[in-house]
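Hi everyone, thanks for making time this morning. I'd like to walk you through one model, so let's put it up on the screen.

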Amino acid sequence: MKHRSAQSSRIFTAVVRQHRIIRPRYRLLTLELDAKGSAAFASVMPGQFVEIDAGPLSLPQDKDIPAELLDSAKRNIMLRRPFSFSAIRHKGNKFEIDISYHVVGPSTVRLTTLVPGDSLNLIGPLGNGFRIDQSRPIAVLIAGGMGAPPIQHLAAHLKSHHPDMRVTAFIGARSLDEIPFDIGTDPDGGIIFPAFSSVGVPHAMTTDDGSFGVKGFVTQLVEKLLVPGPFQTDKAILYACGPEPMLTAVSRLAAKIGVHCQLSMERMMACGIGLCQSCAIKTRDPQAEDGWSYRLCCKDGPVLDGKDVIFD
Amino acid sequence: MTEPNLSIEFAGLTLKNPVFTASGTCGYIDELAAFMDVSALGGFTTKSITLYPRKGNFTPRIVETDAGMLNAIGLANIGLDRFLREKVPLIAQYDTAVFVNVAGRTIDEYVAVTERLSQEKAIAGFELNISCPNVKKGGITFGTDPQQVETITQTVKKVAGAKPLMVKLTPTVTDITVTARAAIAGGADALSMVNTFTAMVIDIEARRPILANRTGGLSGPAIKPIAVYLVQRVYREVAKLAGIPILGMGGIRNASDAAEFLIAGATAVAVGTASFIRPDCCQSVLDGLHDYCRRHKIANIRDLTGTLQD
Ligand SMILES: Cc1cc2nc3c(=O)[nH]c(=O)nc-3n(C[C@H](O)[C@H](O)[C@H](O)COP(=O)(O)OP(=O)(O)OC[C@H]3O[C@@H](n4cnc5c(N)ncnc54)[C@H](O)[C@@H]3O)c2cc1C
Ligand SMILES: Cc1cc2nc3c(=O)[nH]c(=O)nc-3n(C[C@H](O)[C@H](O)[C@H](O)COP(=O)(O)O)c2cc1C
Ligand code: FES
């Protein structure tokens, strides 16, 4: 007799269905979840994430590893890594999820070796995603760099679940090479992102170096386009995901123009499920003597109310 | 053959098996319970509890290394009052021996926490954390000085009531048998070993340590052979003669790792970092130990302890 294994419904296997290069360092991985995973994903929200175990994957050959990652990416790995999803689809009674990722280190370098049919072990969906505020139907979505996937997912979610909302997306990247989506053209020859145009979300793009879209930071463009217009601040909300400096700017902008915002945060995570306390985020806490306390990015976040987050 | 008996005698308690969680890697209990049947465990060690809430260190608090990780959480915890109010009632719902890991800056703080919890039915015993490398005062300074180890053990033991007191040893000493002896002289009912090894990872672009705390404690498979060696030494030179059980830990990921610790002299084993990768790791260690006993025709797993051949 074996000991009864109380297998959790959120630890499951996914099979690679597609794996595509979007830019030299950006890839799109499509995974089909097994029955257990599909059940766990029934009520998933944009902004939630999965913890992927890339430990069992082998390294690519040296020639397929970006030169500047040759030292760092070849070390052994042990911990899982968090990834959000850029899209999720029903496939019969199963779910398929898209993960867009940036090749930056040992886990993501190993992910590049995946081919259709390979399997991965996942834990998820984890954390709290964006909470759709029905009383604020003007939704302004802001993405920076690798913060784009959950924003793409959110755009599709808002369009299908809240068709009356007015959704606009602003996407920033450092340069053309760092745009994590396919680029297309509309019938008039204008540049578009099918990821957003296919769900009917108007969008604008910035790059820091001006190699694509408007030159500058995405928050500057948001401020330029939003603030002067007839803009009902009590009906609007900003949903943002991106690097911390961008989120800081979004939170300042929201405070300045008096709108609500929700921010999807990132921290180094050892576990992703609340066991280790590694992913602390400084937040306002009126109950605390000194007015602040830590919340966990993995359990309380990753999406937090902008007014709660303290940026030092 | 009949099914192997996995139950053990540990510091005066009879436990259903020798598999524990390690402090700080399994939350207060409910976090792990979402991923495995916690009542299947022989024992559970909570996150360190201090008298007052502690926010812990700035981030980054962790960094991964080859075959391990460094952590400098800084004993972030909700403090004794909230632990009693929010977590003890949850703990009471599970059928496993829960050891509260107690930490503090002064001996008085250790005493206050232990005394207050000594009457709680849901708590099976205590683990004295005198070995945390990530807090400025207390912690490691207690754990490296044998005189202090004896004094703190003796003082806390007095207020632990009938509950067993386990002392967690730091490996960052010249001779671990000296601190092990000191803990036993102070009245420890069990030893747990080892805590993490102080270490550093440097960001070579910024020429700064990665961790906000600069240093952190190394855990995971990287430390396993050292931990096995230290358990074996303490068992042979101190614990066996004194009749004091050892809770062995450091890099355990599977039943084979766990068996090494038992053979080296541990009576029970704890899974730490590995639960981050597989939250139900303890369950597979348990299943694997069961299979190991069958394969080696070991009727009672307690007979495996200290069977290392010369
Ligand atoms: C909730 C959440 C969702 C995420 N979603 C995505 C996603 O959809 N696509 C994607 O490409 N990436 C995403 N990330 C980031 C992703 O987890 C890291 O890029 C990944 O861990 C890198 O692993 P690695 O082993 O390749 O490199 P590592 O060596 O682990 O990291 C490479 C570099 O990135 C930094 N880094 C790693 N993890 C983080 C983090 N969590 N926060 C800040 N810096 C970090 C490290 O300091 C290091 O400098 C997400 C992170 C979080 C917390
Ligand atoms: C993130 C983390 C937090 C920890 N927190 C504590 C703690 O609060 N108290 C304690 O006594 N040990 C703590 N430890 C040490 C573990 O209990 C254990 O002794 C050590 O990690 C070695 O085991 P492992 O390699 O299986 O993780 C912590 C370890 C990690 C990785
Ligand atoms: S990553 Fe472990 S608690 Fe958040």
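Let's start at A:Ile191, which sits in strand β11 of chain A, the run covering residues 191-192. Keep in mind as we go that this is a predicted model. Is A:Ile191 buried or exposed? A:Ile191 counts as exposed, because its relative accessible area is 51% and the cut-off for exposed is over 50%. A:Ile191 also has company: together with A:Leu176 and A:Ile183, A:Ile191 makes up a nonpolar patch on the surface. The accessible area of those three residues together is about 230 Å².

Now let's turn to where the two chains meet. On the chain B side, 41 residues are in contact with chain A, which contributes 37 residues of its own. Between them, about 3,400 Å² is buried, and carbon and sulfur atoms give 57% of that area. Which residues of chain B lose the most area to chain A? They are B:Phe35, B:Lys55 and B:Glu64, together 22% of what that side buries.

B:Glu64 comes up again when we look at charges, as its side chain forms a salt bridge with A:Arg81, at 2.7 Å from N to O. In total, 3 salt bridges are found across this interface, and 10 residue pairs are in polar contact between the chains, both partners at pLDDT 80 or more.

As for the elements, α1, β5, β6, α9 and α10 of chain B each supply at least two residues to the side that touches chain A. Of these, α10(B) gives the most, with 6 residues.

That's my tour, and I'm happy to take questions!

Notes. Residues are numbered from 1 along each chain as its sequence is written. Chains are lettered from A and ligands numbered from 1 in the order in which they are written. This is a predicted model: local features need pLDDT of at least 70, side-chain atom pairs count only at pLDDT 80 or more; totals for chains, interfaces and linings use all residues. Side-chain values use heavy atoms; hydrogens and water are left out. Patches are made of residues with over 30% relative accessible area and no salt bridge: like charges are joined within 9 Å, nonpolar side chains (Val, Leu, Ile, Met, Phe, Trp, Tyr) within 5 Å. Accessible areas come from the Shrake-Rupley method with a 1.4 Å probe; for residues, only the protein chains shown count as cover. A salt bridge is a side-chain nitrogen of Lys or Arg within 4 Å of a carboxyl oxygen of Asp or Glu. Helices (H or I, at least four residues) and strands (E, at least two) are DSSP runs, numbered from the N terminus. Buried means under 20% relative accessible area, exposed over 50%, partly exposed in between (1.4 Å probe, protein chains only). Contact means heavy atoms within 4.5 Å. Buried area is the accessible area (1.4 Å probe) that two parts lose on being put together, summed over both. A polar contact is a pair of N or O atoms within 3.5 Å; within protein, one must be able to donate a hydrogen and the other to accept it, and residues adjacent in sequence count only if both atoms are side-chain atoms.
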